[in-house]
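Open the model in your viewer, with the sequence beside it. The stops below say what to select next and what is there.

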Amino acid sequence: MRRDIRAARSAAGAAAGELTDLACACATARQVARVLTHLYDSRLRGTGIEAAQFALMMTLDKEGPSSQAALGRRYAIDKTTISRNLKLLQRNGWIDARRSPDMRERQFALTAAGRKRLAAAKPEWKKAQAELRSWMTAAEWDGMWRAFKTVTSAAQAVKRHGVRKNARL
């Protein structure tokens, strides 16, 4: 079975274009993000939701009302991008904005229409997730999550603290 997965990957990679060896973590991560976003967007297309909007709606569904700043921090999204996505969700009637109890910021929450739209999109998201996973072994799938966490933690540490003294440049 492992050999079949490798052969299928090789054929798929040749047809779709292999990941370019850019020797740059940032460029490679952006390339991976675009490929993954395309996969999920193509699955979600019929639901009227894009992958980024789906993620925001899932967060609001799980965690309840959240501020723009909290959502931006959670997804490491700049103010302009998060604002654009929230406005689109609001315009579609899938979220609404309310004043927080202390009146300093707005809290965004799913509407009934948003919950309905999200429920309709979840099966397609699950299909995209299963399709991606079907091309990986369990160890590769788990390793992907570990690598995502490691890279995120390292990038955040560099942002906060700079280069380690013993790092090679």
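Is Arg 99 buried or exposed? Select Arg 99: with a relative accessible area of 51%, the residue is exposed, where exposed means over 50% relative accessible area, buried under 20% and partly exposed in between, with a 1.4 Å probe and protein chains only. Before going on, note that this is a predicted model, in which local features need pLDDT of at least 70, side-chain atom pairs count only at pLDDT 80 or more, and totals for chains, interfaces and linings use all residues. Residues are numbered from 1 along each chain as its sequence is written, and side-chain values use heavy atoms, with hydrogens and water left out.

**The strands**

Stay on Arg 99, which lies in strand β2 (residues 95-99); strands here are DSSP E runs of at least two residues and helices are H or I runs of at least four, numbered from the N terminus. Leaving out residues up to four places away in sequence, Arg 99 touches Glu 105 and Arg 106, a contact being heavy atoms within 4.5 Å. Add Ser 67: from Arg 99 it is 32 residues away in sequence and 9.4 Å away in space, C-alpha to C-alpha.

Next, select β2 and β3 together. They run antiparallel and are joined by five bridges; strands count as paired if DSSP finds at least two bridges between them. Asp 96 has Ala 109 of β3 as its bridge partner. Six residues lie between the strands of this hairpin, and Met 103 has a positive phi near 70°.

Now add strand β1 (residues 66-67), which pairs with β3 in the antiparallel sense over two bridges. Look for Ser 66 opposite Phe 108 in β3. Because four of its five residues are buried, β3 is largely enclosed by the rest of the structure.

**Helices α6 and α3**

Select α6, residues 112-134. Its 23 residues reach 33 Å from first C-alpha to last, close to the 33 Å expected at 1.5 Å a residue; the expected span is 1.5 Å times one less than the number of residues. Look along the helix for a kink of about 30° at Ala 121, shortly before the proline Pro 123; the bend is the angle between axes fitted to the seven residues ending at a residue and the seven starting there. The buried residues of α6, among them Leu 118, Glu 124 and Leu 132, pack against α2 (25-44), α3 (51-63), β3 (106-110) and α7 (138-161).

Move to α3, where the buried residues include Phe 54, Met 57 and Leu 60. After this helix comes Gly 64, with a positive phi near 85°.

**Aromatic rings**

How many aromatic pairs does the structure hold? There are three, counting rings of Phe, Tyr and Trp (its six-membered ring) whose centres lie within 6.5 Å, with planes under 30 degrees apart called stacked, over 60 edge-to-face and the rest tilted. Select Phe 54 and Trp 125, a stacked pair at 5.8 Å centre to centre with 20° between the planes. This pair links distant parts of the chain, with Phe 54 in α3 and Trp 125 in α6, 71 residues apart. Phe 54 is buried at 4% relative accessible area, while Trp 125 is partly exposed at 27%.

Then select Trp 145 and Phe 148, an edge-to-face pair at 5.8 Å centre to centre and 85° between the planes. They are three residues apart in helix α7, so about one helical turn separates them. Add Trp 141 to see the cluster that ring pairs form from Trp 141, Trp 145 and Phe 148.
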